[in-house]
Amino acid sequence: MIAIRRLHRALLAAVLAVAACSGPPKKQPDVVPPGGGSDVSGPGSGTAPPVAKARAVEQPPLVPRPLAEDPTKVTIHRLSNGMTVFLSPDKEQPSIVAHVAARAGSGNDPKQSTGLAHYLEHVLFKGTSKLGTLDYGKEKPHLDRIAQLYADLRKPGADRDKILKEIDAETQKSAEYAVPNELDQLYARMGITGLNAFTANDATVYVSEIPKNRVAQWARVEASRYVDPVFRLFWPELEAVYEEKNRSIDNAAWRTQEAFLRALFPNHGYGWSSGIGEIDHLKSPAYQDMEAFFQRYYTPQNMAILLAGDVDESVLPVLEAEFGKLSRPAGDAFEEGKVTPMTGGRVEVKVTVPSEEGVLLGWQLVPATHADRLAIELMDLLLLDGQSGMLARDLLLPQKVADAGCNPTFQREAGYYELHADALDGQKHEDLERLLLDLVAKLQRGDFTDGDVATAILTAEINQQRLMESNNGRMSLMQGAFMVGEPWTNVVSKIERFKKITKADIVRVANQYLAKNFVVVKKVKGAEKPPKINKPGITAVKVDPTRRSAYATAILDMPVTPIEPVAIAEGTDYTRGTLPTGQLVSVVNKRNGLFTLSHDYDVGRTDEKLVCIALEVLKVSGAGKRTAEQVTRQLHELGVSVDTGCGKDGSSITVSGIDRNLEAAMTLLREWLADPLMDDTTVKAAVQKVLTDRANALTTPQSISAAAAAFARLGDRSDFLVTATNKQLVATTPAQLKKVLASFLKWKHRTAYFGPRDAKAASGAIVLGDGKVATAARRTMKYRAPNQVFLVDQETAQTHVWLVWPRKPATDAERAVGTLFSEYESPILYQEVREARGLAYTVFGGYGAGGRKGDDGAVSAYVGTQGDKTHDALEAVLATMKAPVDDTRLQLAKDTLAQGHRVDRIAPRAIPSVVYAWEDQGEKSDPRDGRVKRTLAVTKADLEKWMKEALAGPVIVSVTGDRKKLDEAKLKKLANITVVPTAKLFGY
C-alpha cells in the first residue's frame, strides 16, 4: 500500500531542498524484493533437516513477564481466539509502532496464481461493510457481479474485451456507494501515520504508527479489516499493481533476484512467485483464489498483533474486545510447494542487464529455526560485517572488483546464501566466480582466527544495541521471530549463544552448506525489451470528498485525552558549544555505550572536484606505516566504523561505535587523513572503479531518470554535471589526493556528537584538525528558468514525469501556506490518479522549501506511469492540482497536521542534525510549534490565492520514458520541448 502520507511529504521536501536531485522519491516498497524481508534475528534450536516438509502453524511460546536478560522488555500474550500479541514498552515517544502480521506471503502463492498474496494486501485497505461505503446493501450486488466476471475472465475462450467492459461498468455502479481511501482519511484525522503494508515471502504485514491515546479507535478499525473485509474497487487497484510490476521490469536487480530464486527453489513459491506476480496471472487475476487465500491464512492462530512504544499490558482487554471477534478456523499454513534439494552440481542462469555486469552465487540453506543457523550467521559476519571481514580484505580493499557482498536469508521453509560481485570494466564472469569461490574455500579451510570470530561477534552486539534504541528496531526483532516461529528466548540470548560457537562449527557449516550444488547467475549486458502491456479502459471513479461513512463518524466521536506537543530545548535536550574547528551540538545517549560523531564540511565538488574521489581512496588506503588491511582490522577490533559522504556542495566524515574506544578511533582517523598510505596502483584502481560505475550509470534507467530530473531543475548546476571528468580522474595522482585529505584537518566545520558523554567530556576527544581555514559560504540553490519540457528517450516500461513550479525563497508565510498545500494535495493526487483511475503506482505532490535560507522553494508533482498512460496521468495530475479547494479535504489536512504535531518527537540520536537543519533555515530554536500554528491559521482564501499564483506560472517538466509512446504535440502545450541526449545529463 502506498499511503505513506508523511514519508512522501518529507521526501518531496528533501528533493526540493537540495540541488543534488536523486530522482523520484521512493517509499518503502510494499512488496519486499524477491528473497527479502524474512531474514530475522535469533538463531534456532530446532532439529529440522535442511529441507523441511510442510508443517502445522507453530504458536509462539508465551512470555507473560519480560525475561530478566531482555532489554526490549518484550512480553508475548494470547487472545482467547488464539491470536498472538507482542508488546515492547518504551516511553520515549508518545506513540506506538503497530504491526499486524499474517504468516502468509508470496511464498504461499499458488503456482498458477502468482501475485495473489500481494494484491490481497492491496485490497485489504479498501474497507469493510461499514467503512468505505455509504450503503453496503446496495453496493454488494455489484461487488458480487464483479467477482463473477473475474471468474468468467479465467475461463477458456473468454471474451476478454467484453468482460473487462462489464467489470468497468459494474465498478462504476458499485462506486456510487463507495468512499475511496476512507481508511487512510480516518487514520489521518486521528494522527495515525505511516499507514502501509508489505508482502514478503513468509508473511504479509500491515503497518501504522498510532498516538498512545488512539489505541481503542485503532484496534476497532484495524480489527474490522480482518474480521469483515470488503474487496471493493478491485479493478483500478489491480491497475496500480500493474504499475508496480512495470517498476520491477525496469529494475535489473529485481529481475536478477527473481532468476536467482527461481533456480534455487523451482518447486516452491519462494522461487515461482516474484511477489508482484507474473504478467499473465495479473491479466486474469484469481479473484476467487484471493478470497480463498484470505479465508485459509488470515486466521487468529496464524496472525499476530505487534506493538512497540508507549504501551503496556493494559491494552490487552482492548485488543481482546476488538481482535477477539476474529473467528475463523485455522487452515493448513503452507502451500503445496516443496523445497527440493539441489542436485547435479553447478547450475548457470543468465540475466540481461543494462549495466553492472557481475555474478551472483547461491546455495540452499536451512530453515530459520534450524540449529545450524547461528553458525551460518557467524560465518557470514566473518566474510563481511560492515566495513571489514574476509571479503573486504580480499576483494574490496585491494579493489579487485567493482563491488561485492554476501548475505544469508532464513525463511520458514528454507534459507539461502548469496555471494555476489560486480565486474570492473572488461572483467570476465569466470574471474569473478573464481574470486568468490576462493573466499568459500578459505572458510572451508578455516583460514581465520579466533580473534576474527570474536571481532565479528562484537560487531553483532553493536548492531543489536542499535536496534534496541528505536521502536522500529525492536519491532523488527518481534516481527521476524513471529514470521518464522522463533522462540523469543532465542532472540534474547542470541549474542551469548554466538559466543559459544567455535571455529570448528563455522568450518563445518561452510563445508556442509556451501558445497558443490549451487546456482550461478551471470548478469550480462544487453537490451531487455519491456513486455507490451496495453492500457486498460478504466472509467474514472468519481471521488466525492464530502462522503463519510457513519462508521467513520462514530470512530472520530470516541473520546480521547489530548497529547500535548513537546519542543526540544537547548540545555535540556542538547548542548551547543564551540570547538577550535567550529560549532558543536551534542546529545547524551542515555540508553547504551554507543556513540556517533559527525564532522560536516561545506566543501563539495563545486569547491574541489577531487574531494569525493579523495574520500573514496581514503577507504582503501593505509595510514602512516600501516596498510589498508591493518587500519581496517584496528577499527574493527575497536568496534568502530568510519564512513564518508560527499556531494556537490558538502562532505562529511562520520565515526561511530563503542564510546570507550572513541579516543583511539580519533587518533587513528587523524593519522589517516594526515598521512594516508596510497600509491599509483591504489589510485588507478579506485579511478577504474569509478569509471566502471559511471559507464554503468549511462545505461541504468534509475540513474538516467534521476539525472534527467536534476538537469531539468538545475541545468549545468546539476549534481550529475558538477563533477570531475573522466579525463581529470585518470590524471589524478596520489599527491593531489593526499593534499585534499590533509585539508580536512584544516577546514572549519560543524561537529555533532551523540554518545554517553556530556559535552565537556566529549569535547576533548572529538576535535578533528585545527579549523584554521574557513570554507566558502554555501551557495544558494536556484532553479533554472521555467517554461521548458525536457524529454529523455528511454525504452522502459514506465515513464517518469516531474512537474516543478519554482518559488522564491521561503518566508514564514510562504512556508505556512506551502505546508498546508502539501498536506492537502498529496492525498488528493493519490485518490484521483491512483484510486479512481489506476494510472500510477506512485504519485504525489506538494511544496518544498529550500534546505537553507535563501534557497528557492518549489511546488512539485511526480507520477510514474506506463508509457501509453503518460498523457492520461499527466492530465489527471494537472487537473487535480488546479481544482478548486474543497472544504472537507482542507479540514482533513489541518486535522492531520494538528494531530501529527501533538505526537511529533525527535529521537535523541537525530537531534544534532535537526538542530543544524533548523539553523540553516534561520531558526535559533525549535520552530515546530510556531510553524504549525501559522499553518493552521491559513484560510481557504489564502490557500486558493497562493495555489492560483503558484500553478499559473511557467513550469519545468521532466519526462523520461519511451518517446514512441508519447504525443509530443500534447507536451508542447505545456512548454517548448528540448530532447536531451543521455550523455548530456552526466558531466563525465
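## Glu496 and its partner

Glu496 is partly exposed, since its relative accessible area is 48% and partly exposed residues are those that are neither under 20% nor over 50%. The model in which this value was computed is a predicted one. Glu496 forms a salt bridge with Lys499, and the closest N and O atoms of the two residues are 3.4 Å apart. Lys499 also counts as partly exposed, with a relative accessibility of 45%.

In general terms, side chains of opposite charge can pair when their charged atoms come close. A search of the whole structure finds 65 salt bridges, and two further examples are described below.

## Salt bridges between distant parts of the chain

The side chains of Glu564 and Arg902 meet in a salt bridge, with a distance of 3.5 Å from N to O. Glu564 is found in the loop between helix H21 (550–556) and strand E12 (575–579), whereas Arg902 belongs to helix H32 (residues 887–903), so this pair ties together parts that are 338 residues apart in sequence. Glu564 is exposed, because its relative accessible area of 53% is over the limit of 50%, while Arg902, at 27% relative accessibility, counts as partly exposed.

Another salt bridge is formed by Asp602 and Arg778, whose closest N and O atoms are 2.6 Å apart. Asp602 lies in the loop between strand E14 (594–601) and helix H22 (611–618), and Arg778 lies in the loop between helix H29 (759–766) and strand E20 (788–793), so the pair ties together parts that are 176 residues apart in sequence. Asp602 counts as partly exposed at 23% relative accessibility, and Arg778 is partly exposed with a relative accessible area of 27%. Asp602 and Arg778 also belong to one network, in which salt bridges that share partners join them with Glu570, Arg576, Arg750, Arg852, Glu919 and Asp920.

## A sheet of six strands

Strands of a sheet pair through backbone hydrogen bonds, and the pairing can be either parallel or antiparallel. In this structure an open sheet of six strands shows mixed pairing, and the order of its strands is E1-E2-E6-E3-E5-E4. Strand E1 (75–78) and strand E4 (193–199) stand at the edges and have a single partner strand each, so one side of each of these strands is left without a neighbour in the sheet. When direction is ignored, neighbouring strands of the sheet are turned by 15° against each other on average.

At the E1 edge, four bridges join E1 to strand E2 (residues 84–89), and these two strands run antiparallel. Within this pair, Ile76 stands opposite Phe86 in E2.

## Helices on the sheet

Helix H2 (residues 116–123) lies across E4 and strand E5 (204–211), and it runs at about 160° to E4. Helix H17 (residues 471–484) packs on the sheet as well, where it touches E2, strand E3 (95–102), E4, E5 and strand E6 (303–309), and its direction makes about 160° with that of E6.

## Glu92, in a loop of the sheet

Between E2 and E3 there is a loop, and Glu92 has its place there. Glu92 counts as partly exposed, as its relative accessibility is 35%. When residues up to four places away in sequence are not counted, Glu92 touches Glu469, Arg591 and Pro908. One of these contacts, Pro908, is 816 residues apart from Glu92 along the chain, and yet the C-alpha atoms of the two residues are separated by 9.3 Å.

Definitions and conventions: Residues numbered from 1 in each chain as written. Predicted model: local features only at pLDDT ≥ 70, side-chain atom pairs only at ≥ 80, totals over all residues. Heavy atoms only, no water. Pairing = 2+ DSSP bridges. Axes fitted to C-alpha atoms, helices over the stretch in contact; angles between N-to-C directions. Contact = heavy atoms within 4.5 Å. Buried < 20%, exposed > 50% of the residue type's maximum accessible area, 1.4 Å probe, protein only. Salt bridge = Lys/Arg side-chain N within 4 Å of Asp/Glu carboxyl O.
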